[in-house]
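Trainee: Could you take me slowly through one part of this protein model? I would like to see how its pieces fit together.

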Amino acid sequence: MSDRETGVSDTPSAGSDPWTQNPPVGSGKNSGDDEWARGIVLKLATAALKEQRRARRWGIFFKVITLAYVGVLLWTVLDALELQPFSTAQRELHTAVVNIEGAISSNNEASAINIIGGLRAAMEAEDSAGVILHINSPGGSPVQSGQVYDEIMRLREQYPDKPIYAVASDTCASGAYYIAAAAQEIYADKASLIGSIGVVAASFGFVDAMEKLGVERRLFTAGENKALLDPFSPQRPAETEFFQSLLNEVHQQFIDAVKQGRGDRLANDPSLFSGLVWSGEQSVDLGLVDGLGSVRDVAEQLIGAENLVDYTARENVIDRLLTQMGYGIGTALQQSLGLERLLLR
């Protein structure tokens, strides 16, 4: 039978694989097909695995971003709601509470602008029977404390029928007591720490260390006192005397404010203004506080409205983070040099 009749030709057709048509000696056609197929499957499997890993990584990335976004959004909403957590209760007679917690500073929640904002809202509310300053603070800035003190005195004159009480928690010291002294009366727990009527400013001196290390200080100023209390320069008696007079002046302002607020309730004891602290129980005898009691006690027994409503003004999360970031950058050098701000203690 001819090739034409059988349809089989010894000559490979165009476009056919010569390796398939004539496999090398020692390897059969079937084994060659298997190797080729395995290679294709391996490449496809590898590509699929890479694509799966890539998809998994992107999936994790987007999940993290989504969770972070939802978390920040939720935190912001909850933080904003804290401004008026009992809004429905404000339609009823209630005792307004303004919390002062932590160091008193323009960069913290216990800043004058926040405290005053809460106080004004509490006093303006028609259904608030009185205001309690709930204090748990070691003090802080004399400027911030003084601003709050003055505002309390102004509000007391503006709203003579709405009392303002201060209630100390763990600590009501220094600038925190400065603020409390403006209230009609002060109450504390028997173990509260009260007082610390004084002023402090601290720094370090590196002059001897620089001399031992062979470091030369190069300081240029316009104004002979511009580098007052520079920690890398020797102290000068005139500088020390001047700065001490500044501390004494601020201390006297503190003393005058306490005497104005507490009046003849203060005991005739010079140690009251020495910077010492006392327990709440001791403070009653010294006239620093009027009695022992809690927020609940004052609300029920003195104000006559047991329903408590929080008027504490708080920053939202985004503003707080931005403020802290800016504050951290601005004070990093100051902290690295060991310098501290003027503080009431």
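Mentor: Happy to; we will start with the whole chain, then look closely at the region around β3, α6 and β4, and end with the aromatic rings.

Keep in mind that this is a predicted model. The chain contains 11 helices and 10 strands. Of its 345 residues, 33% count as buried. The accessible surface comes to about 21100 Å², and carbon and sulfur atoms hold 56% of that surface. Now think about contacts between residues with a separation of 6 or more: 75% of these are made by residues 24 or more positions apart. Keep that in mind when we reach the rings.

Now to our part. Find strand β3, which covers residues 164-173, and helix α6, which covers 175-180. Strand β4 spans residues 185-188. Together, β3, α6 and β4 make a right-handed β-α-β unit. The two strands of this unit run parallel, and 3 bridges join them. To see one place where they meet, look for tyrosine 165, which stands opposite glutamate 185 in β4.

Strand β4 has another partner as well. It is joined by 2 bridges to strand β8, residues 291-292, and these two strands also run parallel. Here you can pick out alanine 188, whose bridge partner in β8 is leucine 292.

Let us return to the link between β3 and α6. Serine 174 sits in the loop between them. What is special about the phi of serine 174? It is positive, about 55°, although this residue is not a glycine. Is serine 174 buried or exposed? Its relative accessibility is 0%, so serine 174 counts as buried; the cut-off for buried is under 20%.

You can find a similar story further along the chain. Serine 196 lies in the loop between β5 (193-195) and β6 (199-200). Serine 196, too, has a positive phi of about 55° without being a glycine. With a relative accessibility of 10%, serine 196 therefore counts as buried.

Now for the rings. The structure holds 5 aromatic pairs. One of them brings us back to our helix: the ring centres of tyrosine 149 and tyrosine 178 are 5.4 Å apart and their planes stand at 70°, so this pair is edge-to-face. Tyrosine 149 belongs to helix α5 (residues 142-158) and tyrosine 178 to helix α6, so the pair ties together parts that are 29 residues apart in sequence. Both tyrosine 149 and tyrosine 178 are buried. They also have company, as Tyr149, Tyr178 and Phe254 form one aromatic cluster.

For a contrast, try another pair. Phenylalanine 206 and phenylalanine 232 are stacked, with 5.3 Å from centre to centre and 25° between the planes. This pair links distant parts of the chain, 26 residues apart: phenylalanine 206 is in the loop between β6 and α7 (207-213), while phenylalanine 232 is in the loop between α7 and α8 (237-262). Phenylalanine 206 has 27% relative accessibility, so it counts as partly exposed. Phenylalanine 232 has 22%, so that residue counts as partly exposed too.

If you want a path to retrace on the structure, begin at β3, pass serine 174 in the loop and enter α6. From there, go on to β4 to complete the right-handed unit.

Note on methods:
Residues numbered from 1 in each chain as written. Predicted model: local features only at pLDDT ≥ 70, side-chain atom pairs only at ≥ 80, totals over all residues. Heavy atoms only, no water. Helix = DSSP H or I, 4+ residues; strand = E, 2+ residues; numbered from the N terminus. Buried < 20%, exposed > 50% of the residue type's maximum accessible area, 1.4 Å probe, protein only. Pairing = 2+ DSSP bridges. Right-handed = clockwise from strand over helix to strand, strands pointing away. Contact = heavy atoms within 4.5 Å. Areas by Shrake-Rupley, 256 points an atom, 1.4 Å probe, with all protein chains shown as cover. Phe/Tyr/Trp six-rings, centres within 6.5 Å; stacked < 30°, edge-to-face > 60°.
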